[in-house]
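Thank you all for making the time this morning. I would like to walk through one structure with you, going slowly, for those who have not met it before.

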Amino acid sequence: MPFSLRELRYFLAAADHRSTTAAATALNVSQPSISLAVADLEKRLGVQLFVRHHARGLALTPAGTDILREARKLLAQATDLETMASSLGDELRGRLKIGCLPYLTPRYLPAILAGFTRRHPDIEIDFIEDDQSELVQSLMTGEIEMALTYNLDLPNNVEVDVLYDLPPYVIVSDRHSLASRKRIDMKLLAAEPVILLDLPISRDYYRNVFNILKISPQIRYRSKSVEAVRGFVANGLGYSVLNHRSETNLTYDGSRLAILEISQILPSARIAAIIPAGMKLRRIVKTFIEYTKEHFRSNPNVSHARKLAMGSFILP
């Protein structure tokens, strides 16, 4: 810009008070600051704005009068813009674009968005699906304001709010010899084939689980689809370890699964909201995150032991 809003404000004050000294007093700045701003503005615009009289102070030139009129309009527009920006940050209306890990989308996002838009019909939510590295990049570029992902393998340039705790469990076919048990020692399955959910973050998480148990998994099939994993297991081709509980033990082809708790204490996978580190959240974003926490707290399929105390953002 050829000039700044500060220079225009100083010029306006000098014109209203007909004195750089009086303008400085009104704005609580030094007199040389007013004089320098006016001189710089005249130089940038290429016109003389005031006739300076030692006894009578400042008098606007014809050019100065014209510029003063336009300066008032421009400063008023700047004030309007500031007011509008402030309202966008505070009012529960407008648009919000978020990101979500594809694996989490079908299980959680539809119900979250449906409930949130019922409660806040003036907020329009849009989302993108991507892997974790791309979601982080979208946060950094401002394409999205927050993302739902796992609290695993996150960089230091994001802040994390853990939303939901997901302990691992075992699935076997309902015809498996151990299917009638409620809880199982994972080592009883060590010699059996594994059906692995082969997604980037999931892959590393399950590898860590097997390392803790000191089990070398005999991986028979890999799939990026949780429903495919469930289908293979239900048809007796192996067992698997998952974290997300389904509403049904039926698979797409009508086969059935048995769900077994794990007797060993193992790390949970955790769903988290992430934002760029140090970013001041709009009220819309805060409201969406708080609603998401409420949604998980009220989920009837979450036992008390799996509910987390909902905290504030923490660095990973």
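**Two sheets, some helices, and the spaces between**

Let me begin in strand 12, where Ser173 has Leu257 as its bridge partner. Before I go further, please keep in mind that this is a predicted model, in which local features need a pLDDT of at least 70 and side-chain atom pairs count only at pLDDT 80 or more, while totals for chains, interfaces and linings use all residues. Residues are numbered from 1 along each chain as its sequence is written, and side-chain values use heavy atoms, with hydrogens and water left out.

When I say helix or strand, I mean a DSSP run, of H or I over at least four residues for a helix and of E over at least two for a strand, numbered from the N terminus; and when I say that two strands pair, I mean that DSSP finds at least two bridges between them.

The pair I started with is strand 7, residues 169–173, and strand 12, residues 257–262, which run antiparallel and are joined by 4 bridges. Another contact in this pair is Ile171, whose bridge partner in strand 12 is Ile259. Strand 12 also pairs with strand 8, this time in the parallel sense and over 2 bridges, and there Arg183 has Glu261 of strand 12 as its bridge partner.

Put together, these strands belong to an open sheet of 4 strands, in the order 8-12-7-11, with mixed pairing. Which strands stand at the edges of this sheet? They are strand 8 (183–184) and strand 11 (240–242), and because each has a single partner strand, one side of each is left without a neighbour in the sheet.

There is also an open sheet of 5 strands, in the order 4-3-5-13-6, again with mixed pairing. Its edge strands, each pairing on one side only, are strand 4 (123–129) and strand 6 (158–166). From one strand to the next the twist averages 25°, where angles run from 0 to 180 degrees between N-to-C directions and axes are lines fitted to C-alpha atoms, for helices over the stretch in contact. Within this sheet, strand 3 (residues 94–100) pairs with strand 4 in the parallel sense over 7 bridges, and Gly99 stands opposite Ile128 in strand 4.

Turning to the helices, helix 1 (residues 5–17) and helix 3 (residues 31–45) have axes that come within 9 Å and cross at roughly 110°. That makes helix 1 roughly perpendicular to helix 3, on a scale where angles under 35 degrees count as roughly parallel, over 145 as roughly antiparallel, 65 to 115 as roughly perpendicular and the rest as oblique. Helix 1 also packs against helix 2 (residues 20–27) at an angle of about 120°, with the axes 8 Å apart, and that makes helix 1 oblique to helix 2. Further along, helix 5 and helix 9 (residues 283–297) pack at an angle of about 120°, with their axes 10 Å apart, which makes helix 5 oblique to helix 9.

Finally, the empty spaces. On a 1 Å grid over the protein atoms alone, a cavity is a set of points where a 1.4 Å probe fits but cannot get out, a pocket is an open set with protein on both sides within 12 Å along at least five of seven lines, and lining residues have an atom within 4 Å of a point. Grid points are joined across faces, edges and corners, and a volume is the space filled by probe spheres set on the points.

The largest pocket holds about 480 Å³ of space. Of the 24 residues that line the pocket, Pro102, Tyr103, Tyr150, Leu199 and Val226 are the closest to its centre. Helix 5 (105–119), helix 6 (132–141), helix 7 (200–213) and helix 8 (226–234) are the elements that give two or more residues to this lining.

How many cavities of 30 Å³ or more does the structure hold? There are 2, and the largest cavity has a volume of about 70 Å³. Its lining includes Tyr103, Tyr150, Ser202 and His244, and helix 7 gives the most to that lining, with 4 residues.
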